[in-house]
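Me: I am new to this structure. Please take a close look at one part, the second largest pocket, and then place it in the rest of the chain.

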Amino acid sequence: MSNSSDNAAGNEDSALNAVEVCVARLREMIADGELGAGFPLRQADLADRLGMSRTPIREAIVVLQSEGLATVERNRGASVINPTPEQLILLYDVRLMLEPAAAGLAAVKCNQSDVDRLRLVHDQMQDCAPWDFYRLNREFHLAVYTLADNPVLYEYIRSLRYRSDPYVRRLVGGGGSAAAHEDHAELLDALAAGDAAAAEANTRDHLMHTVTTVTGLLRPRDTDR
């Protein structure tokens, strides 16, 4: 009896792990633009692409839908979200409330070895290709928010970034600007000094720059209406 129970538990754990792996892979594919806005999430195609069965794919799509990364429409199936620029601004409104707070907590709780690891990522961003910059930029900021040591706050931020970053990148284009590199360097200095107020202010200003840029891109559309 115990062997049967152990086998059943093992199979259940394997199934859960497969779903988690699938969710993580699909998140990255969406964030990196490999699965673009409106891309149809067909189970058979994704199963072939990821080398997995349809069952974890189906369950992963449900998770992505709950995270706001996918939508499901009757008679059309699931697809990657395609937010409007106006919706992106709303996402940034929430990010502006959460990310500065997380950066401030990180400044209080991090140590020098944490900052040194972040500097390595920052150094990689200096002369990398635009595609690599966005991946490293996401890695850098999420690593900062991990240091806040608040898993609930981190999960909200991670979800918001995955829902907004790929589409802002599509609107704005290009790679890392000199201003972005300077912002990152200043944030690292604030973290190293344990200066929560400076880390919060830096993160708020960094996000506001993107909001201003996206808002500027929206103005011509508003004028045409």
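Reply: Here is the pocket, followed by its surroundings.

This is a predicted model, in which local features need pLDDT of at least 70, side-chain atom pairs count only at pLDDT 80 or more, and totals for chains, interfaces and linings use all residues. Residues are numbered from 1 along each chain as its sequence is written, and side-chain values use heavy atoms, with hydrogens and water left out.

Start with the space itself. The second largest pocket holds about 220 Å³. A pocket here is an open set of points on a 1 Å grid over the protein atoms alone, where a 1.4 Å probe fits, with protein on both sides within 12 Å along at least five of seven lines. Points are joined across faces, edges and corners, and the volume is the space filled by probe spheres set on them.

Now the lining, meaning residues with an atom within 4 Å of a point. It consists of Gly38, Pro40, Leu41, Arg42, Gln43, Thr71, Glu73, Arg76, Gly77, Ala78 and Ser79. Two elements give two or more residues each: strand 1 (70–73) and strand 2 (77–80). Strand 2 gives the most, with three. Strands are DSSP runs of E, at least two residues; helices are runs of H or I, at least four; both are numbered from the N terminus.

By type, the lining has three nonpolar, five polar and three charged residues. Nonpolar means Ala, Val, Leu, Ile, Met, Phe, Trp, Tyr, Cys and Pro; charged means Asp, Glu, Lys and Arg; the others, Gly among them, are polar.

Leu41 leads onward. This lining residue is also among those with the most contacts inside the largest nonpolar core, which has 60 residues. Such a core is a set of buried Ala, Val, Leu, Ile, Met, Phe, Trp, Tyr and Cys residues joined through side-chain atoms within 4.5 Å. Buried means under 20% relative accessible area, with a 1.4 Å probe and protein chains only. Helix 4 (residues 85–109) supplies the largest share of the core, nine residues. Domain 1 (5–80) and domain 2 (85–218) each give at least three; these bounds come from an automatic or database domain assignment.

Phe140 is another of the core residues with the most contacts. Beyond its neighbours within four places in sequence, Phe140 is in contact (heavy atoms within 4.5 Å) with residues including Leu118, His122 and Leu187.

Finally, the whole chain. It has nine helices and two strands. From the N terminus, the order is α-α-α-β-β-α-α-α-α-α-α. Of its 225 residues, 41% are buried.

How values were computed: Buried < 20%, exposed > 50% of the residue type's maximum accessible area, 1.4 Å probe, protein only.
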